[in-house]
Amino acid sequence: MAVDPRIEKYLQALEAIKDANFSMDIPVSGDGSGKLGSAIADLRRHLAANMELERTLAEVAQKINEGLLLDEVLDFVYANFRRIIPYDRIGIALLEDDGSIVKSLWANSEAALIRIPKGYAAALAGSSLEMIIASGEPRILNDLELHLREHPGSDSTRRIVEEGMRSSLTCPLQAMNRAIGLIFFSSMRTDTYRNVHVDVYRRIAGQLSVIIEKSRLYQKLIEVNALKDRFLGIAAHDLRSPLGVGKNFLALFLQGYLGEIPDEQLKILRTIDRNLDRMLQMINDLLDISTIESGQLELKPQRIDLSLYLQKAVELRRPLAQAKSISLQLELPPELPEVSMDPQRIDQVLDNLVTNAIKFSFAGTQIILSARKTGNFVSIEVKDQGQGIPQQDLLKLFSDFGKTSVKPTSGEKSTGLGLAIVKRIVEAHEGQVGAESETGKGSTFYFTLPV
């Protein structure tokens, strides 16, 4: 008995499908073998559609992991989901006011004018959407004009018909075992969703529910963080003024303008003055952090002769090192390229790194400030012979309020914000920061600036 030659084709097609290759031709007809071919062709279409769905959902998830905001994620969905489902419009509405209101969050449409824009809201109770939320089941309307004639009081249906839509599929969105809203797929043609597989839409809605909820939380986090920065800036600014007034009056006492002060009282006043200085430094650090975090850090870059700049920087800071009997030295190559930088902000960086090196070093040791060109960057290093930093503490560096277990050698205080500010300023210059250390042998802190 002769073997039907199509069988070999079917076997080859199944092997190709197993390898996710869906491009092979599959012969089909009405006889027995042909029906087998039809079944294999249906399987191929089903698997190809599923794979495309998984790929598309994975791409959306990747967009979330890249930190995109909700509107950007939904724009990506609108641009890419046509590969798996038909639509001329997608809308997202969320439940608000404990679920009593449905409010449009986002919409994109091929229509010239979107009639249900962001912010459009309606009561859930008594609407046709209430049943969808209650049942958790999708709803298909293949003739929106007919639905409007049957429900003439539906303002949202009237608006969507005016937009040119003629059929729709609505799916509930659920996250963390609760309804959070709805997604609307709409088409400008009737009967678009008559033969669709609702399970595919359920899967899409399920994935999008998680994505939307995650994006909402991420966006709220950004908004709360921005509010925190504004509050921090206002609070720090308002605190600085009365502290400045207090220091000015205290200076009158310390400088003898208000009469002679007994030594014991003078000692107390100087302690108060030192603590006011510390408080003002903390407030200035908080203001710097607030300014940078809110995106309001304005750099004023200049072309700088780095060799000359670093020579002056060392001379300015040498007295502070000498006060602790520490040697501060500068080591530079014969030539350094010019860099574009904000000298006032880089002064802050050097102040933090050099004063930290002095703070954690013992008398009789040496601190070296050096610089060298590496590729398209200049690397500036501050190397000390201090106590060093344990490896487990290195991860705390450059973070807000990050303090290590290493103690200053003369009991100096710090806010724990200095290195966090250093990191932000350097990164604003498109450079990088880092540190290397070995317990008992000292530390090297470095930052780079582009040439």
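Reader: What makes helix H9 a neighbour of the sheet in this predicted model?

Author: In this predicted model, helix H9, residues 306–322, lies across S8, S10 and S11. Contact requires heavy atoms within 4.5 Å. H9 runs at about 175° to S8; angles over 145 degrees count as roughly antiparallel, so H9 is roughly antiparallel to S8.

Reader: How is helix H10 placed, and across which strands does H10 lie?

Author: Helix H10, residues 343–359, lies across S8, S10, S11 and strand S13 (442–450). H10 runs at about 170° to S13, and because that value is over 145 degrees, the pair counts as roughly antiparallel.

Reader: Why is H9 called oblique to H10?

Author: H9 and H10 pack at an angle of about 40°, with their axes 11 Å apart. Roughly parallel requires an angle under 35 degrees and roughly perpendicular requires 65 to 115; the angle of about 40° meets neither condition, so H9 is oblique to H10. The crossing of H9 and H10 is right-handed.

Reader: What is the division of the residues in the contact of H9 with H10?

Author: The residues divide into 10 nonpolar, 1 polar and 3 charged. Among them, Tyr309, Leu310 and Arg317 belong to H9, and Ile346, Asp347 and Thr355 belong to H10.

Reader: What makes S8 and S12 the edges of the sheet?

Author: The open sheet of 5 strands has the order S8-S10-S11-S13-S12, with mixed pairing. Strands S8 (327–331) and S12 (433–438) each have a single partner strand, so one side of each is left without a neighbour in the sheet.

Reader: How do you know that S10 and S11 pair?

Author: Pairing requires at least two bridges; 7 bridges join S10 to S11, so these strands pair, and they run antiparallel. Serine 370, for instance, has glutamate 381 in S11 as its bridge partner.

Definitions and conventions: Residues numbered from 1 in each chain as written. Predicted model: local features only at pLDDT ≥ 70, side-chain atom pairs only at ≥ 80, totals over all residues. Heavy atoms only, no water. Helix = DSSP H or I, 4+ residues; strand = E, 2+ residues; numbered from the N terminus. Axes fitted to C-alpha atoms, helices over the stretch in contact; angles between N-to-C directions. Left-handed = near helix turned anticlockwise from the far one by under 90°. Nonpolar A, V, L, I, M, F, W, Y, C, P; charged D, E, K, R; others polar.
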